[in-house]
Amino acid sequence: MDKKREYLEDFRIYLKNEKNFSSHTIRAYCADVFTFLLWIEDNDILNLDPKKFSQYLYFISQINYTKTTIARKIASIRAFYRFLYQEELIEYNPVDNIPIPKQNKTLPHFLSEEEVETILRGIKIETPAGFRNRIILELLWVSGMRISELSSLNYENLNLDQNEIRVFGKGAKERIVLIPDKTKEGLINYIDNVSNLICKKQRSSESPLFINYNGFRLQNQSIRKALKDCLNRIHFTKHVTPHVFRHSFATKLLEKGADLRIVQELLGHSSIKNTQIYTHVSIQRLKDVYNTTHPHSA
């Protein structure tokens, strides 16, 4: 297993340094590959019978995994063997032909403007942390940022004179997101007054924008917890995650007539296909409004 662990560690470094994958994706890929390496036991991974992959696919299909999870596990193993091939440790990639199960496409959940405002009003801004949390959720709503992009913001990423924030998305892809004047004013208030109340600490351009009471970068789980606490306090019945704000942002732009390519750019999608799902959401929203308001719809 020592040699297998060595290959796996090299693969982890490759995903981090060359592919620029997020830490979450790297953990998932490496865990998937590690599970596979345990399953094949003493078999040589550099000379593995392709039938083993089919057997493993059957094995994981018998477990109560979703199609999405199975697809990711296959993608992880494919990427691992692609890495071994690039390193010239194997002569060909034996898993290229393993089919990935088709995933059921589900429309993303989103919130109306009124629902977003209800949530934002439910945050108690009397405390420094409450004010910070309000700005964070408002930023998710008005910019379409991912939670990981927001939590990783530093002061150097801000260009508030132009209402711009520079973020780094999946694969370290850089893009500019925009914020309205009202949100900018709240963010400036947080920077100038509130952040020092959370933790008085000397700042530099590389300092994290959103911090906890110890002065360290606010982590994703803390943002999720703040949102959950707010939803519980106001008895909000819909299931809402930080990513739902991103879905709501995209849906609202398309409902207002924004060009699909512009929305793709603002979301940081590498493929237009990832953005097109929001057109289906908007069409469904139009149908719902029509069916509930038009006198001859029934």
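In this predicted model, three strands form an open sheet in the order β1-β2-β3, and their pairing is antiparallel. The edges of the sheet are β1, covering residues 158-159, and β3, covering residues 174-178; each of these strands pairs on one side only.

The pairing of β2 with β3 can be followed residue by residue. Strand β2 spans residues 164-168, and its antiparallel pairing with β3 runs over 5 bridges. Among the bridge partners, V167 is matched with R175 in β3, and I165 is matched with V177 in β3. The hairpin that joins β2 to β3 has 5 residues between the strands, and within this hairpin G171 adopts a positive phi near 70 degrees.

The side chains of β3 alternate between two faces. R175 and V177 point to one face and are buried, whereas E174, I176 and L178 point to the other face and are not buried. The two buried residues of this strand have already appeared as bridge partners: R175 is the partner of V167, and V177 is the partner of I165.

The cysteines merit separate attention. A search of the whole structure finds 0 disulfides; for such a bond, a pair of cysteine sulfur atoms would have to lie within 2.5 Å. As for solvent exposure, C199 has a relative accessible area of 16% and is therefore buried, because buried means under 20% relative accessible area. C230 has a relative accessibility of 1%, so C230 also counts as buried.

Notes:
Residues are numbered from 1 along each chain as its sequence is written. This is a predicted model: local features need pLDDT of at least 70, side-chain atom pairs count only at pLDDT 80 or more; totals for chains, interfaces and linings use all residues. Side-chain values use heavy atoms; hydrogens and water are left out. Buried means under 20% relative accessible area, exposed over 50%, partly exposed in between (1.4 Å probe, protein chains only). Two strands pair if DSSP finds at least two bridges between them. Helices (H or I, at least four residues) and strands (E, at least two) are DSSP runs, numbered from the N terminus.
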